[in-house]
Amino acid sequence: MKVYKLISKQIINRKIHEVFDFFKSPENLSRITPSKLNFKILTPLPIEIKEGKLIDYTITLFGKEVHWRTMITSYQSNKMFIDQQLKGPYVMWHHKHTFNEVNQSVEMIDEVDYVIPFGFLGRFVHFIYLRNELKYIFKYREKIISKVFK
């Protein structure tokens with residue numbers, strides 16, 4: 001089983017509590033997710049992020065709606081939180097969001113460890129398509145986040 005890693009870093013020129021408050025609100029995920037994924041939260045709003053919290057949503061992959069359930073497995077206010085897939089398109093998805101104060105700004109780090117299903121076929125799809133698609137999604141997020149925190 002091959003574990004892939006994606007790391008994305010961004011400097012945001014705001015106070016840490018402003019940045020963290022934006023990211024601890026799952027409602028903002030739809031703002032920073034490309035529209036082609038048709039991201040929809042199923043869990044009733046508002047959602048309070050805390051350890052053990054389950055969040056259900058759907059995305060569209062290859063023209064098919066996919067149910068995704070994550071659990072917040074770790075949470076430290078203004079520092080970090082981890083969402084881990086319990087049900088979804090990956091064998092494993094572990095997403096750590098870290099927020100560090102750096103020179104009156106915030107360094108936000110997304111670190112995702114993930115495993116693709118379907119063995120060799122999954123690794124092939126990852127190589128020719130999925131890794132670039134994930135990079136695109138995180139670059140899109142970076143662009144939107146820059147606009148939000150202008």
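Ser8, Lys9, Gln10, Met108, Asp110, Phe138, Arg141, Glu142 and Ile145 line the largest cavity of this predicted model. Its volume is about 40 Å³. The structure holds one cavity of 30 Å³ or more. Three elements each give two or more residues to the lining of this cavity: strand S1 (4-12), strand S7 (105-115) and helix H2. H2 supplies the largest share, four residues. By class, the cavity lining has four charged residues, three nonpolar and two polar.

Now turn to the open space. The largest pocket has a volume of about 1,000 Å³. It is lined by 43 residues, and those closest to its centre are Ile59, Leu61, Trp68, Pro89 and Tyr90. Several elements each give two or more residues to the pocket lining. Two of them are helices, H1 (16-23) and H2 (119-148). The others are strands S3 (54-61), S4 (64-76), S5 (80-87) and S6 (92-102). H2 gives the most to this lining, with ten residues. The pocket lining divides into 30 nonpolar, eight polar and five charged residues.

H2 therefore deserves a closer look, as it gives two or more residues to the lining of the largest cavity and the most to the lining of the largest pocket, where a probe the size of a water molecule shows what space is left empty. The path of H2 has a kink of about 60°, centred on His126. His126 is also one of the buried residues of H2. The others are Gly122, Leu130, Glu133, Leu134, Ile137, Phe138, Arg141, Ile144 and Ile145. Phe138, Arg141 and Ile145 appear again in the lining of the largest cavity. What covers the buried residues of H2 includes S1, H1, S6 and S7.

Step back to the whole chain. It has two helices and seven strands. Along the sequence they follow the pattern β-α-β-β-β-β-β-β-α. The radius of gyration is 15 Å, close to the 15 Å that the globule rule gives for 150 residues, so the chain is as compact as a globular protein of that length. Its C-alpha atoms fill a box of roughly 45 × 30 × 25 Å, taken along the principal axes.

Burial and contacts complete the picture. Buried residues make up 43% of the 150 residues in the chain. Take the contacts between residues at least 6 apart in sequence: 46% of them join residues at least 24 apart.

Notes:
Residues are numbered from 1 along each chain as its sequence is written. This is a predicted model: local features need pLDDT of at least 70, side-chain atom pairs count only at pLDDT 80 or more; totals for chains, interfaces and linings use all residues. Side-chain values use heavy atoms; hydrogens and water are left out. On a 1 Å grid over the protein atoms alone, a cavity is a set of points where a 1.4 Å probe fits but cannot get out, and a pocket is an open set with protein on both sides within 12 Å along at least five of seven lines; lining residues have an atom within 4 Å of a point. Grid points are joined across faces, edges and corners, and a volume is the space filled by probe spheres set on the points. Ala, Val, Leu, Ile, Met, Phe, Trp, Tyr, Cys and Pro count as nonpolar, Asp, Glu, Lys and Arg as charged, and the others, Gly among them, as polar. The bend at a residue is the angle between axes fitted to the seven residues ending there and the seven starting there. Buried means under 20% relative accessible area, exposed over 50%, partly exposed in between (1.4 Å probe, protein chains only). Contact means heavy atoms within 4.5 Å. The radius of gyration is taken over C-alpha atoms; the globule rule is 2.2 Å times the number of residues to the power 0.38.
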